[in-house]
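Got your viewer open? Let's take a short walk through this protein, one selection at a time.

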Amino acid sequence: MNQDNKFNMLSFTGKMKILHLSWMAFFITFVVWFNHAPLLGLIAESLNISMAEVKTLLILNVALTIPARIIIGMLTDKFGPRLTYSFLLFAGSIPCFWFAFATDFAQLAMARLLLGFVGAGFVIGIRMVSEWFPANELGIAEGIYGGWGNFGSAAAAILLPTVALFFGGDDGWRYAVAMSGLVCLAFSFIWYFNVSDSPKGSTYFKSKKMGGLEVTSKGDFFFLLLMKLPMYIALVLVTWKLSPHGVALITDSMASGVYAVLAAILVYDCFCVYKVNKEIFHTPVPEIQRYQFKQVAAVNILYFTTFGSELAVVSMLPMFFADVYKLDMVYAGLVGSLFAIMNLIARPYGGWLSDHFGRKKTLMFVIAGLAAGYCAMSMITSAWPLLLAVLVVITCSFCVQAGCGAVFAVVPLIKRRLTGQIAGMTGAYGNTGGVFFLTVLSFVDYATFFIVIAATAILGIIAILFMNEPRGHMAEINDDGSVELIKVS
């Protein structure tokens with residue numbers, strides 16, 4: 001067997017080179033996306049900004065990531081991962097430098113808002129990895145890509161404060177943020193000159209039209225429109241959080257203006273989807289070119305529960321341990337970080353289980369474990385030994401991260417030429433879940449918060465029941481009209 005065809009993590013040739021460079025690119029985007037989080041105390045002190053303004057930066061950091069993942073997915077399917085990731089890394093360094101050298105809150109806020117686009121890089125690698133790995137290795141490959149890349153947020157929390165302390169002074173945080181931007185800029189060139197969109201001799205199937213996800217039946221068209229609503233509702237919740245009903249950083253009239261803009265964008269978005277798909281209303285799509293949108297809807301719901309809960313729980317877990325066990329925030333932060341660190345092994349393991357035991361069975365197993373884990377977390381009190389509470393959190397986290405890996409073991413097997421857009425929509429649903437769960441947390445206690453997440457897992461289990469296990473081959477049409485069959489099981 002050709003060495004380039006073996007799945008050898010110590011190799012840096014062929015498909016393994018692509019996998020390593022992909023997770024590195026994703027890792028860097030997450031370092032840049034979260035480079036402010038561990039430095040907020042220093043930033044607030046340096047620029048004399050209020051706690052309300054600090055909270056605003058956290059909200060702005062995720063606001064644009066929801067639409068960004070949709071847009072980046074479209075660009076990936078149209079122009080390929082090589083060009084799209086290079087562009088995103090290069091362009092993402094610019095607001096990073098702007099943030100590093102900001103002199104007031106307004107500049108920080110605008111730079112942070114734009115940096116939300118960097119968080120969409122995840123989508124690009126999903127398509128790249130799917131081009132290079134066969135179906136029987138796709139789960140583990142996507143799991144490694146997602147798990148190791150996701151660790152960038154934890155790495156930022158560990159490395160950037162150290163860099164800031166090394167430089168010292170009021171501007172230490174600026175050097176730390178700027179250095180992450182330099183790495184991002186440099187890797188845009190490393191990526192461009194070292195990857196190709198697909199293996200030599202393979203066809204990179206591009207989406208036929210820009211502007212919206214292609215569907216293959218009238219029923220799926222209306223299903224797609226329905227599935228768009230939660231993402232817009234999440235953006236409405238973000239706006240509401242910034243209004244006088246939340247942190248009061250924009251006026252009611254400004255919030256009303258944003259609501260009107262979002263409504264207009266939704267209408268335009270639906271029109272674009274119709275424009276892309278209008279032929280299906282008078283010309284049926286040939287059976288061989290069809291795919292079932294219910295597969296996309298299912299992975300969206302599952303990622304809402306898995307990655308959405310991860311985003312929310314990672315944000316609140318240090319505070320949870322500090323409140324319940326009266327821990328110092330430093331120790332509470334270390335304990336809380338265990339939830340995110342599980343990404344390193346659990347995401348790849350979820351993908352591996354999918355490859356070996358089936359996509360649906362694995363999803364059913366890990367989502368049931370997620371529900372049980374959050375139910376157990378809802379029962380944690382100060383009467384519990386801290387070690388037992390930590391073990392429950394780690395076990396729950398394992399199921400959550402394995403669930404993320406199992407979801408993206410399915411995504412690339414739905415429709416190859418649309419993988420970027422499908423991954424973009426699924427990724428956006430993860431962020432939508434984060435916004436939803438954090439909004440719930442602002443109204444309820446910790447126990448109820450965990451129970452709500454567990455309840456959404458029931459929706460996930462129902463979605464799994466309606467999914468079809470990927471089997472056989474999916475068909476794509478070459479430019480010359482010939483049919484190419486791509487193995488999915």
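One term before we start: a residue counts as buried when its relative accessible area is under 20%, as exposed when that area is over 50%, and as partly exposed in between. Also keep in mind that this is a predicted model.

**Stop 1: a pair between two helices.** Select F320 and F450. Is F320 buried or exposed? Its relative accessibility is 2%, so F320 is buried. F450 comes out at 0%, so F450 is buried as well.

**Stop 2: the wider set of rings.** Zoom out for a moment: the structure holds 39 aromatic pairs. Now pick F30 and W33. Their ring centres are 5.1 Å apart and their planes meet at 70°, so this pair is edge-to-face. Both residues sit in helix α1 (residues 14-33), 3 residues apart, which is about one turn of the helix. An α-helix has 3.6 residues a turn, so residues three or four places apart point the same way. Check the surface too: F30 and W33 are both buried.

Go back to F320 and F450 to compare. Their rings are also edge-to-face, at 5.5 Å from centre to centre and with 90° between the planes. What does this pair tie together? F320 belongs to helix α13 (residues 293-325) and F450 to helix α19 (residues 446-466), so the pair links parts that are 130 residues apart in sequence.

Next, select F26, F30, W33, F34, F122, Y145, Y303, F307 and F408 together. Ring pairs join them into a cluster.

**Stop 3: helix α5.** Select residues 81-100. This helix has 20 residues and reaches 28 Å from its first C-alpha to its last, close to the 28 Å expected at 1.5 Å a residue. Colour its buried residues, among them Y85, L88, L89, C96 and F99. F99 is worth a closer look: R112 lies over the face of its ring, 4.6 Å from the ring centre. For another arginine over a ring, try R82, which lies over the face of Y192 at 3.8 Å from the ring centre.

**Stop 4: F436.** Finish in helix α18 (residues 419-441), where you'll find F436. With a relative accessible area of 33%, F436 is partly exposed. Which residues does F436 touch, leaving aside neighbours within four places in sequence? Its contacts are L237, F304 and V452. Last of all, put a distance label between the C-alpha atoms of F436 and P230: they are separated by 9.4 Å, although the two residues are 206 residues apart along the chain.

Definitions and conventions: Residues numbered from 1 in each chain as written. Predicted model: local features only at pLDDT ≥ 70, side-chain atom pairs only at ≥ 80, totals over all residues. Heavy atoms only, no water. Helix = DSSP H or I, 4+ residues; strand = E, 2+ residues; numbered from the N terminus. Expected span 1.5 Å × (residues − 1). Buried < 20%, exposed > 50% of the residue type's maximum accessible area, 1.4 Å probe, protein only. Contact = heavy atoms within 4.5 Å. Phe/Tyr/Trp six-rings, centres within 6.5 Å; stacked < 30°, edge-to-face > 60°. Lys NZ or Arg CZ within 6 Å of the ring centre and 35° of its normal.
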